[in-house]
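Please walk me through this chain, from its annotated N-terminal sites to its sheet and the helices around it.

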Amino acid sequence: MGDVPDNAPEHCPGTKSEQAGKSASCQGCPNQKLCASGATKAPDPAIAEIGIKLSTVKHKILVLSGKGGVGKSTFSAHLAHALASDTTKEVALLDVDICGPSIPRIMGLEGEQVHQSGSGWSPVYVEDNLAVMSIGFLLGGPDDAVIWRGPKKNGMIKQFLRDVDWGELDYLIVDTPPGTSDEHLSIVQYLSSTHVDGAVIITTPQEVSLQDVRKEIRFCKKVKLPIIGVVENMSGFVCPKCKNTSQIFPPTSGGAEKMCADLNLPLLGKVPLDPRIAQSCDEGRSFLSEVPDSPAAQAYQRIVQSIQDYCSNRVTEEQSAT
């Protein structure tokens, strides 16, 4: 849980719990008196600060996946590249995968460092209109491990949102780790005072992935995070020679299409496997600009257009409501 201090006992009920400071497990904890006073139940002042900081960001999109290895960071990076291809738009990509930050490599920014200015941390720029922030820029090298408990990871996410000089943005893309744990609770909590357009959920066709994605969808519903839609990644392999499609990961239970129909969610699209996507990511280049006419790149462009339409429609709906 994100509200359990580093020095808490094993069965800590959490600082926001009604049992905080009162349960048997609180005996001997250095935080017991503070928790029992009720002071820890007050809203984190950082939430309001982040609300002010991000008031100049028009659209905020979270990229989630229940399962690791489904191409979530790859999708986040290419979503950012595609949005930034319109040079009139300002785009930023925030990597909150604290323990597995792959965005610096995918965006071709390994070895870059964050600089401090009077207005906060300065993000690293890929293009004049595409900024990136990741804990990978704060490590000594790409092989350094981040071995942190939940509260420290949450503190870093808070700093990314509150202390980075994002400036005025059209889109902020947040790349999250797999699952539904500390980082996800933190990002939703810290963004609660801002307008979040919603989440894009990434899956692959096989049931072992969909099973975890359903948990992610339930998480979104529990925390009242709108779902923009689902992307089925690695959806078949299109042979570059004969153009026939082979199912490398067979959709044994109907794939994302059936899941979305069952749960009444939009399927934004299916991205076929293409070895050149992995190669582009390893080399820190945009697959969309490298092979723009490939079936995968065209699928990406259709998905990105659907996300842009969703964001525009939400703005229109909110303006009509006021």
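The paragraphs below follow the chain of this predicted model.

The UniProt record, an unreviewed entry, lists C12, C26, C29 and C35 under "binding site". These four positions are spread over 24 residues of sequence, yet they cluster in space, with a largest C-alpha distance of 10.9 Å. Two of them can be placed relative to helix 1. C26 lies in the segment before helix 1, which covers residues 32-36, while C35 is found in helix 1. C26 has a relative accessible area of 7% and is therefore buried, because the cut-off for that class is under 20%. C35, with a relative accessible area of 8%, is buried as well. Leaving aside neighbours within four places in sequence, the contacts of C26 are P13, Q19, A20, G21 and Q32.

Next comes the annotated domain. The same kind of record, again from an unreviewed entry, assigns "domain: AAA+ ATPase" to residues 58-229. Over that range the chain is 33% helix and 25% strand, and the C-alpha atoms at its two ends are 19 Å apart.

The sheet is the next topic. Eight strands form an open sheet with mixed pairing, in the order 5-6-2-7-1-8-9-12. Its edges are strand 5 (124-127) and strand 12 (267-270), each of which pairs on one side only. From one strand to the next the twist averages 20 degrees.

Within that order, strand 7 (residues 169-175) sits between strand 2 and strand 1. How much of strand 7 is buried? Seven of its seven residues are buried, and the strand is mostly covered. On one side, strand 7 runs parallel to strand 1 (residues 57-64), joined by six bridges; here K60 has L172 of strand 7 as its bridge partner. On the other side, strand 2 (residues 91-95) pairs with strand 7 in the parallel sense over five bridges, and L93 stands opposite I173 of strand 7. Towards the edge formed by strand 12, strand 9 (residues 227-232) pairs with strand 12 in the parallel sense over three bridges. In that pairing, E232 has K270 of strand 12 as its bridge partner.

The helices can be read against this sheet. Helix 7 (residues 207-222) lies across strand 1, strand 8 (198-203) and strand 9, and runs at about 170 degrees to strand 8. R218 is found in helix 7. R218 has 58% relative accessibility and so counts as exposed, since the cut-off for that class is over 50%. R218 and T180 are 38 residues apart in sequence, and their C-alpha atoms are 9.7 Å apart.

Helix 3 (residues 72-84) gives another picture. Its 13 residues reach 18 Å from the first C-alpha to the last, close to the 18 Å expected at 1.5 Å a residue. Because 13 of the 13 residues of helix 3 are buried, this helix is largely enclosed by the rest of the structure.

A packed pair of helices is described by the angle and the distance between the two axes. For helix 2 (residues 45-53) and helix 5 (residues 150-163), the axes come within 8 Å and cross at roughly 35 degrees. Helix 2 makes the contact through A46, E49, I50 and K53, and helix 5 through K158, L161 and R162. By class, this contact has three nonpolar, no polar and four charged residues.

Terms used:
Residues are numbered from 1 along each chain as its sequence is written. This is a predicted model: local features need pLDDT of at least 70, side-chain atom pairs count only at pLDDT 80 or more; totals for chains, interfaces and linings use all residues. Side-chain values use heavy atoms; hydrogens and water are left out. UniProt positions are given in the numbering used here, feature names are shortened, and annotations may be inferred rather than shown by experiment. Helices (H or I, at least four residues) and strands (E, at least two) are DSSP runs, numbered from the N terminus. The expected span of a helix is 1.5 Å times one less than its number of residues. Buried means under 20% relative accessible area, exposed over 50%, partly exposed in between (1.4 Å probe, protein chains only). Axes are lines fitted to C-alpha atoms, for helices over the stretch in contact, and angles run from 0 to 180 degrees between N-to-C directions. Contact means heavy atoms within 4.5 Å. Ala, Val, Leu, Ile, Met, Phe, Trp, Tyr, Cys and Pro count as nonpolar, Asp, Glu, Lys and Arg as charged, and the others, Gly among them, as polar. Two strands pair if DSSP finds at least two bridges between them.
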